[in-house]
Amino acid sequence: MKIAIACDHGGLNLKKEIINYLNAHGYTPVDFGTDKTDSCDYPDFALPAAEAVANGDCDKGIVVCSTGIGVSIVANKVPGVRCAHCHDTYCAEFTRLHNDSNVLALGEKVVGAGYALKIVEKFLTTEFEGGRHQRRVDKITAIEKKYCK
């Protein structure tokens, strides 16, 4: 499974930890940057990662900044992306089960690396339930079509 991954300077350390985890667990990370600690703009990295998920080049995505908020806003501007900003494994599980989220946003200064990797694991190993939840995801897609012209 190919996983798009991106960060700004505030998420670089956690991104490196996640890439190590992905490699160790048989995933293929596709790194959209940054690889520097110099101040940079998170949209420059989160956007191409989200686009890679939306266009099918990657199966899922993970975006990281200091809080996870900025990168989640950017990712959710891309039609077809359902990015969930998660601080715990419960939210990571249920955003997959109920929302079929395809991008995970994390904050390096909010969640420690050890727990962040548990969140990543839960996000990547939980399947969408479908059923009544598909109807809701379809409504999200309809909203996108209405406003993203």
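Let's start with helix H1, residues 12-24. H1 lies across E1, E2, E3 and E5, and it runs at about 165 degrees to E1. That angle is taken between N-to-C directions, on a scale from 0 to 180 degrees, with axes fitted as lines to C-alpha atoms, for helices over the stretch in contact. Contact here means heavy atoms within 4.5 Å. The H and E names are DSSP runs numbered from the N terminus: helices are H or I with at least four residues, strands are E with at least two.

Quick housekeeping. This is a predicted model, so please keep in mind that local features need pLDDT of at least 70 and side-chain atom pairs count only at pLDDT 80 or more, while totals for chains, interfaces and linings use all residues. Residues are numbered from 1 along each chain as its sequence is written, and side-chain values use heavy atoms, with hydrogens and water left out.

Okay, the sheet. In what order do the five strands sit? The order is E2-E1-E3-E5-E4, in an open sheet with parallel pairing. The edge strands are E2 and E4, each pairing on one side only. From one strand to the next, the twist averages 25 degrees. When I say two strands pair, I mean DSSP finds at least two bridges between them. As background, strands of a sheet pair through backbone hydrogen bonds, either parallel or antiparallel.

Now walk across it with me. E1 and E3 are parallel partners over five bridges, and Ile5 stands opposite Ile62 in E3. On we go to E5: E3, residues 60-65, pairs with E5 in the parallel sense, again over five bridges. Two of the matches to look for are Val63 with Ala105 and Val64 with Leu106. Then E4, residues 83-85, runs parallel to E5 and is joined to it by three bridges. There, Cys83 stands opposite Val103. To get from E4 to E5, the chain goes through helix H4, residues 89-99, and this β-α-β crossover is right-handed. Right-handed means that, with the strands pointing away from the viewer, the path from the first strand over the helix to the second runs clockwise.

Next, how many of the five residues of strand E5 are buried? Five of the five, so E5 is largely enclosed by the rest of the structure. Buried means under 20% relative accessible area, exposed is over 50%, and partly exposed is in between, using a 1.4 Å probe and protein chains only. E3 is in a similar spot: six of its six residues are buried, so it too is largely enclosed. In a regular strand the side chains alternate between the two faces of the sheet. You can follow that here: in E5, Val103, Ala105 and Gly107 point one way and Leu104 and Leu106 the other. In E3, Lys60, Ile62 and Val64 go one way, with Gly61, Val63 and Cys65 going the other.

On to the cores. A nonpolar core is a set of buried Ala, Val, Leu, Ile, Met, Phe, Trp, Tyr and Cys residues joined through side-chain atoms within 4.5 Å. The largest one has 24 residues, and Ile18, Leu22, Ile62, Leu104, Leu106 and Val120 touch the most other members. The elements giving two or more residues to this core are E1, H1, E3, E5 and helix H5, residues 113-125. Leu22 touches Ile3, Tyr27, Pro29, Val120 and Leu124, leaving out residues up to four places away in sequence. Apart from the largest core lies another, of 20 residues, including Ala6, Ala50, Val53 and Val78.

Last topic: charges. Side chains of opposite charge can pair when their charged atoms come close. The structure holds three salt bridges, each being a side-chain nitrogen of Lys or Arg within 4 Å of a carboxyl oxygen of Asp or Glu. Lys15 meets Asp31 at 2.7 Å, N to O. That pair links distant parts of the chain, with Lys15 in H1 and Asp31 in strand E2, 16 residues apart. Lys15 is buried at 2% relative accessible area, whereas Asp31 is partly exposed at 43%.

Then there's Asp100, which is partly exposed at 21%. Arg82 forms a salt bridge with Asp100, at 3.4 Å between the closest N and O atoms, and Arg96 meets Asp100 at 2.9 Å, N to O. Shared partners join Arg82, Arg96 and Asp100 into one network. Buried or exposed, what is Arg96? Buried, at 3% relative accessibility.
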